[in-house]
Amino acid sequence: MMLKLSFAVAIPIITSILSLLSTPTNSFIPQNNNRQLSFITHPTFQKQNKKQPLYTTTPENANPQEPPSGIQKTTTETLPFSSLYATHGLIGNSTFVISRTGPPTPPELANPNLLQIVRLNCTDLEVNTLVWKCLGYRFDPAKKKWTNDECFPNWKAKYPNPPDLINMQRIYSKEIDEPSLRSNQALVRSIPMEYKQSLKKYLKPLGFPGYKLAGLTPNKTRRAQCTNWLLFYRENLFGKSVEQLREERRVKKEKERLEEERRKAEGKDEEWKPPVTEVF
């Protein structure tokens, strides 16, 4: 009698356990079409303690030599691999001066603020946001989207939407990284040779010695390139109309032509200069 009773109790329990073990993991995730839940099964999320804030840590297939900065705290709704990150990701939550709305401001372009980019004291999204504003993209808070009405014409023709100049996902496979790499290279090509050393000129006096080759990563390289472009922008493009910039370019080219004619008359070799693809 006791043996029959034990089997009667044990069989439903064993059946329940087997049912739970055979149920797919994803079925325990609540389905909600109004929220982006793809991050839940991401390795980054699975490593987090539920009681701790979620960070944009580097996925397992990213560069292991490039750990994320602890300052890259964000919400579970807008991680770097979310399509909403550019418009909804957290910015301005540290000492880095940045606003998503409006044009770029002098405090945002000040040397101490730009120094924080190369010292990794701000997020990749904050770097992107500042460069986007300087290129002429403007954030529409009502529509929650970036517009290109004020973009530099040449840049706008190639990039109607603001590109990720840093690779905020920090995944360096070709299919994910190449668009970011190409846009960063386009930004670098728009800097004339005489302004390529702006980091040394403006940030070295503030204590930035540059990066050591042994510790160089794609993220550091692109941060440095974005910062160099921001310094060039501040010193040469900031506050000027496209018409002013084009007139300055015309005058500069005329001076270069006259200088080249003088060199030829003196029997000197032609001076080679790398091509520049201006944003305007």
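The buried residues of helix α4 are covered by elements that include α5, α8 and α9. In this predicted model, α4 runs from residue 111 to residue 118, and seven of its eight residues are buried, which leaves the helix mostly covered. The buried positions are Asn111, Asn113, Leu114, Leu115, Gln116, Ile117 and Val118.

One of the covering helices, α9, packs against α4 with the two axes 8 Å apart and at an angle of about 160°. Because an angle over 145 degrees counts as roughly antiparallel, α4 is roughly antiparallel to α9. The residues that make this contact are Asn111, Leu114, Gln116, Ile117 and Val118 on the α4 side, and Arg223, Ala224, Thr227, Leu230, Leu231 and Arg234 on the α9 side. The crossing of these two helices is right-handed.

After α4 comes Leu120, in the loop that leads from α4 to α5. Most residues other than glycine have a negative phi. Leu120 has a positive phi, near 65°, and is not a glycine. Its relative accessible area is 28%, so Leu120 counts as partly exposed. A second residue of this kind is Arg170, which is not a glycine either and has a positive phi of about 60°. Arg170 also sits in a loop, between α6 (153-158) and α7. How accessible is Arg170? With a relative accessible area of 6%, Arg170 is buried.

Beyond the α4-α5 loop, helix α5 takes up residues 124-135. The axes of α5 and α9 come within 11 Å of each other and cross at roughly 30°. An angle under 35 degrees counts as roughly parallel, and therefore α5 is roughly parallel to α9. From α5, the contact involves Asp124, Val127, Leu130, Val131, Cys134 and Leu135; from α9, it involves Asn219, Arg223, Cys226, Trp229, Leu230 and Tyr233. The α5-α9 crossing is left-handed, whereas that of α4 and α9 is right-handed. Arg223 and Leu230 take part in the contact with α5 and also in the contact with α4.

Helix α9 itself covers residues 218-236. Its 19 residues, at 1.5 Å a residue, should span 27 Å, and the C-alpha atoms at its ends are 27 Å apart, so the expected and modelled spans agree. Of these 19 residues, 14 are buried, and α9 is therefore largely enclosed by the rest of the structure.

Two residues of α9 show what surrounds this helix. Leaving aside neighbours within four places in sequence, Leu230 is in contact with Leu109, Leu114, Ile117, Leu130, Val131 and Cys134. Tyr233, also in α9, has a relative accessibility of 6% and so counts as buried. Not counting residues up to four places away in sequence, Tyr233 touches Pro104, Leu109, Cys134, Phe152 and Phe238. Leu109 and Cys134 thus appear among the contacts of Leu230 and among those of Tyr233. Tyr233 and Tyr195 are 38 residues apart in sequence, and their C-alpha atoms are 9.9 Å apart in space.

Helix α8, another of the elements that cover α4, consists of residues 198-202. Ser198 belongs to this helix and counts as buried, with a relative accessibility of 4%. Apart from residues up to four places away in sequence, Ser198 touches Leu203, Asn228 and Leu231. Leu231 is also one of the α9 residues in contact with α4.

Which residues touch the most other members of the largest nonpolar core? Within this set of 46 residues, they are Leu135, Phe152, Trp155, Trp229 and Leu230. The elements that contribute two or more residues to the core are α4, α5, α7 (174-189), α8, α9 and α10 (242-265). Leu135, Trp229 and Leu230 also take part in the contact between α5 and α9.

The chain as a whole has 10 helices and two strands. Along the sequence, the order of these elements is α-α-α-α-α-β-β-α-α-α-α-α. The chain has 280 residues, of which 37% count as buried. Among contacts in the chain with a separation of 6 or more, 66% are between residues 24 or more positions apart.

Methods
Residues numbered from 1 in each chain as written. Predicted model: local features only at pLDDT ≥ 70, side-chain atom pairs only at ≥ 80, totals over all residues. Heavy atoms only, no water. Helix = DSSP H or I, 4+ residues; strand = E, 2+ residues; numbered from the N terminus. Expected span 1.5 Å × (residues − 1). Buried < 20%, exposed > 50% of the residue type's maximum accessible area, 1.4 Å probe, protein only. Core = buried A, V, L, I, M, F, W, Y, C linked by side-chain atoms within 4.5 Å. Contact = heavy atoms within 4.5 Å. Axes fitted to C-alpha atoms, helices over the stretch in contact; angles between N-to-C directions. Parallel < 35°, antiparallel > 145°, perpendicular 65-115°, else oblique. Left-handed = near helix turned anticlockwise from the far one by under 90°.
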